[in-house]
Amino acid sequence: MKLKEKILSKIKNGSLTFKNAKAMCDGLGVKYSERDKVKKLLGELEDEGEIIKDAQGGYATPAQLGAFRGTVQGNERGFAFIIPDEKDVHDGDYFVPRRALNGAMNRDKVLAVHKRGTEDEAYVVKIIERGQKRIVGTFEKDKRAGYVIPDDKRFDSDVYVPLSLCLNAKPGDKVVAEITSYPKNAMVGGKIVEILGESGDFYTEELSIIRSYGLIEEFPAEVEKAADEVARQPIVLGQRRDLRSLLTITIDGEDTRDIDDAVSLERDGEHYILGVHIADVSHYVKLNSKLDREAYARGTSVYFPDMVLPMLPKALSNGACSLNEGEDRYAMSCFMTFDKSGKKLGYDICQSLINSNHRMTYTEVTAILDGDAAVTKKYADVAPMLKEMEKLCLKLEGRRKAAGSINLDVKEAHIYVNEEGKIVIPDYERSVSHRIIEQFMVSANESVADYAFRRKAPFLYRVHEQPSPEKASTFFSFLRDLGVSPVGNVHDLQPSDFQKILKEVEDKPFSSVVNRVMLRSMQKARYCEDNLGHFGLASQCYCHFTSPIRRYPDLFVHRVLKKLLAGDDAGAKKAYGPIAREAGIDTSECERRADMAERDVDDLYKVVYMQDKIGEEFDAVISGVTNFAVFAELPNTIEGIMRIETLPQDSYAFIEEKFLLKGIKRSFKIGDPIRIRVAGCDYGNMRVEFSPVTD
């Protein structure tokens with residue numbers, strides 16, 4: 001046996017496990033002159049991922065150390081967290097001190113080990129893959145070299161750039177730097193590959209956010225060409241169910257361009273026959289095609305106030321796949337039968353051909369249901385159906401509420417740019433028309449998931465697991481301090497436990513904050529090949545089926561459905577079984593990336609929007625408390641920061657578990673109303689600055 005194989009064998013069988021290099025040489029009986037050779041072989045085994053070194057310098061296999069894979073989430077203060085790839089590794093994220101990162105940086109894929117004797121601390125033992133190939137930041141230089149100061153403060157290093165690789169960038173420019181080296185104990189090295197514009201310019205800042213998340217604006221020419229070719233294919237009925245004579249409508253926002261869902265409703269005696277018709281994107285985008293690979297890489301469409309970065313080229317997203325009014329379109333239809341109480345009696349899924357009668361907006365539908373005579377006259381052919389849809393919606397809401405569904409009323413800003421080019425951020429509003437579409441889509445998603453689950457097909461479920469006991473305990477403590485008495489076992493919470501809390505606080509002034517803190521206590525929904533249920537919806541089986549134009553998991557679901565509808569269960573397992581797990585991980589990551597990018601761009605727009613309101617006063621609610629600041633939220637969802645030095649002079653103590661900044665004269669607690677003045681706009685951190693209005 002060769003020495004390298006012998007070393008690995010003895011580590012695996014336990015005889016040399018957790019021994020350092022010197023002890024290993026002694027255990028192997030290696031001559032002193034060959035000790036450097038042993039060290040070299042240990043290094044090779046480390047590079048190959050066969051063994052790793054623990055915090056004390058001993059060697060073991062990853063399995064022996066209990067190592068797990070995860071992604072580093074940096075922090076501007078130097079420490080970090082590791083988010084495990086496998087959710088059952090640990091109930092939550094691991095804390096990693098700066099000294100234990102071992103050169104790992106934000107977004108890196110790493111192998112890490114839970115530090116013995118701690119509850120949630122870990123240390124990095126190996127960097128598997130660097131997470132950031134490019135960095136967006138502000139360029140500065142001196143006589144010797146250039147430097148890029150990252151916009152993302154979680155990336156814990158400036159980027160050194162030789163003057164010959166600065167691409168004529170000027171100090172103060174926003175640039176994109178490609179990382180060329182990660183030297184140990186030294187500044188990251190790189191080169192400038194793009195100059196975005198002058199730092200502080202609005203459009204430059206927006207483009208910087210897009211670049212920092214690695215989002216793709218333009219499609220490759222060959223992908224655009226492929227989309228144009230398939231979009232030109234003539235539409236034929238074939239073996240599909242012809243639904244073109246069925247009264248069908250779409251309901252979306254005024255600015256929606258990619259329309260991927262339509263609805264219909266008929267009465268059969270006391271029964272409702274609800275049809276949810278979804279664009280059949282899989283007809284055009286075939287597995288492993290150029291279009292498919294590009295869609296998978298993007299994972300989702302990303303929506304900004306002034307633009308959309310679509311998952312599919314416009315020839316499909318706004319054209320052949322979009323369920324445009326008066327045009328024949330391929331669809332996947334799910335018909336559901338409900339009794340007069342809203343109980344689902346059955347469902348029928350098919351491939352179809354539809355033709356939408358009207359492209360309606362949420363505003364128009366709400367107006368009809370509120371009795372607006374002019375709008376009702378305009379849509380006289382569908383107004384009776386809309387009334388029936390409202391009735392069914394209320395029945396479905398009632399049944400879902402009885403099942404324990406958590407109806408969080410978390411405000412989300414609707415930011416848009418009007419025809420005059422002005423940023424508009426209206427107060428938050430959620431109308432009955434939004435609720436109709438939500439209930440109908442959820443019902444279809446449950447039906448499709450149930451169909452695949454019963455067939456034991458490979459699938460992508462949308463899962464939402466129970467809150468961790470730690471976060472649930474903190475949330476319950478917060479509620480008790482508000483005078484709310486939560487009921488439930490933190491180790492086995494049920495959706496109905498949270499629903500009861502929301503019912504108790506719905507008329508309280510702090511209800512919106514309780515909604516937000518409840519949301520923070522929950523785990524994040526994700527895509528998974530296993531059916532783990534959906535806690536928030538109190539659903540035993542759930543998926544995303546209704547938006548294949550803008551979400552890749554929905555496209556995956558459609559493909560599996562087609563195999564099942566054709567009776568080819570074996571083909572479904574062969575084609576999609578081997579890729580389901582990885583697709584769930586990758587698409588969940590794409591979703592997180594898109595969410596963060598959208599949030600950052602929204603923050604930028606909010607700062608610009610508030611610029612001309614500096615000095616004005618508003619009523620707000622305290623939405624967050626830390627040891628260094630208090631955060632307050634306006635009715636239109638804009639949040640501002642009040643640093644501790646701007647608060648009335650006092651001796652403050654931060655009580656984390658009570659979400660309280662307590663002073664001798666005055667205290668600040670999450671949920672409390674507060675009068676604020678807009679003090680400034682911090683473009684660097686994309687934050688609005690408030691100050692409290694004091695008597």
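1. In sorting lining residues, Ala, Val, Leu, Ile, Met, Phe, Trp, Tyr, Cys and Pro count as nonpolar, Asp, Glu, Lys and Arg as charged, and the others, Gly among them, as polar. On that footing, the lining of the largest cavity in this predicted model divides into three nonpolar, two polar and four charged residues. The residues concerned are Arg-107, Gln-132, Arg-134, Ile-135, Val-136, Pro-150, Asp-151, Asp-152 and Ser-212, and strand S8 (residues 134-141) gives the most to this lining, with three residues. The volume of the largest cavity is about 50 Å³, and the structure holds one cavity of 30 Å³ or more.

2. The second largest pocket, by comparison of kind rather than of detail, is an open space, with a volume of about 630 Å³. Its lining is made up of 29 residues, of which Leu-101, Asn-102, Gly-103, Ala-104 and Arg-130 are the closest to the centre of the pocket. Strand S3 (68-74) and strand S7 (122-129) each supply at least two residues of this lining, and the strand that gives the most is S7, with four residues. Sorted by character, the lining of the second largest pocket holds 14 nonpolar, eight polar and seven charged residues.

3. The largest nonpolar core contains 57 residues, and those that touch the most other members are Val-276, Leu-386, Phe-440, Phe-459 and Phe-545. Helix H12 (residues 432-454) contributes the largest share of this core, namely ten residues. For Phe-459, the contacts beyond its neighbours within four places in sequence are with Val-448, Ala-449, Ala-452, Cys-528, Glu-529, Cys-543, Phe-556, Val-557, Val-560 and Ala-580. A second core, separate from this one, has 37 residues, with Ala-620, Val-625, Phe-668 and Val-688 among them.

4. Helix H9 (residues 362-369) deserves a look of its own. Seven of its eight residues are buried, so the helix is largely enclosed by the rest of the structure. The buried residues of H9 are Tyr-362, Glu-364, Val-365, Thr-366, Ala-367, Ile-368 and Leu-369, and they pack against strand S14 (249-252), strand S21 (358-361), helix H10 (373-378), helix H11 (383-403) and H12. After H9 comes Gly-371, a residue whose phi is positive, near 95°.

5. A charged residue in another helix can also be checked for burial. Glu-294 is found in helix H7 (residues 290-298), and because its relative accessibility is 12%, where buried means under 20%, Glu-294 counts as buried. Leaving out residues up to four places away in sequence, Glu-294 touches Ile-216, Phe-219, Pro-220 and Val-223.

6. Side chains of opposite charge can pair when their charged atoms come close. The count of salt bridges in the model comes to 44. One of them joins Arg-329 to Glu-327, with the closest N and O atoms 2.4 Å apart. The two partners do not fall in one burial class: Arg-329 is buried, with a relative accessible area of 8%, whereas Glu-327, at 33% relative accessibility, counts as partly exposed.

7. Another salt bridge pairs Arg-516 with Glu-633, and here the closest N and O atoms are 2.7 Å apart. Arg-516 lies in helix H15 (residues 511-521) and Glu-633 in strand S27 (residues 629-633), so this pair ties together parts that are 117 residues apart in sequence. Glu-633 has a relative accessibility of 10% and therefore counts as buried.

8. Within a single helix, Arg-592 and Glu-589 meet through their side chains in a salt bridge, at 2.9 Å from N to O. Because the two residues are three places apart in helix H18 (residues 580-610), about one helical turn separates Arg-592 from Glu-589. An α-helix has 3.6 residues a turn, so residues three or four places apart point the same way. Both partners are partly exposed, Arg-592 at 31% relative accessibility and Glu-589 with a relative accessible area of 33%. Elsewhere, salt bridges that share partners join Glu-617, Asp-619, Arg-675 and Arg-677 into one network.

Key. Residues are numbered from 1 along each chain as its sequence is written. This is a predicted model: local features need pLDDT of at least 70, side-chain atom pairs count only at pLDDT 80 or more; totals for chains, interfaces and linings use all residues. Side-chain values use heavy atoms; hydrogens and water are left out. A salt bridge is a side-chain nitrogen of Lys or Arg within 4 Å of a carboxyl oxygen of Asp or Glu. Buried means under 20% relative accessible area, exposed over 50%, partly exposed in between (1.4 Å probe, protein chains only). A nonpolar core is a set of buried Ala, Val, Leu, Ile, Met, Phe, Trp, Tyr and Cys residues joined through side-chain atoms within 4.5 Å. Contact means heavy atoms within 4.5 Å. On a 1 Å grid over the protein atoms alone, a cavity is a set of points where a 1.4 Å probe fits but cannot get out, and a pocket is an open set with protein on both sides within 12 Å along at least five of seven lines; lining residues have an atom within 4 Å of a point. Grid points are joined across faces, edges and corners, and a volume is the space filled by probe spheres set on the points.
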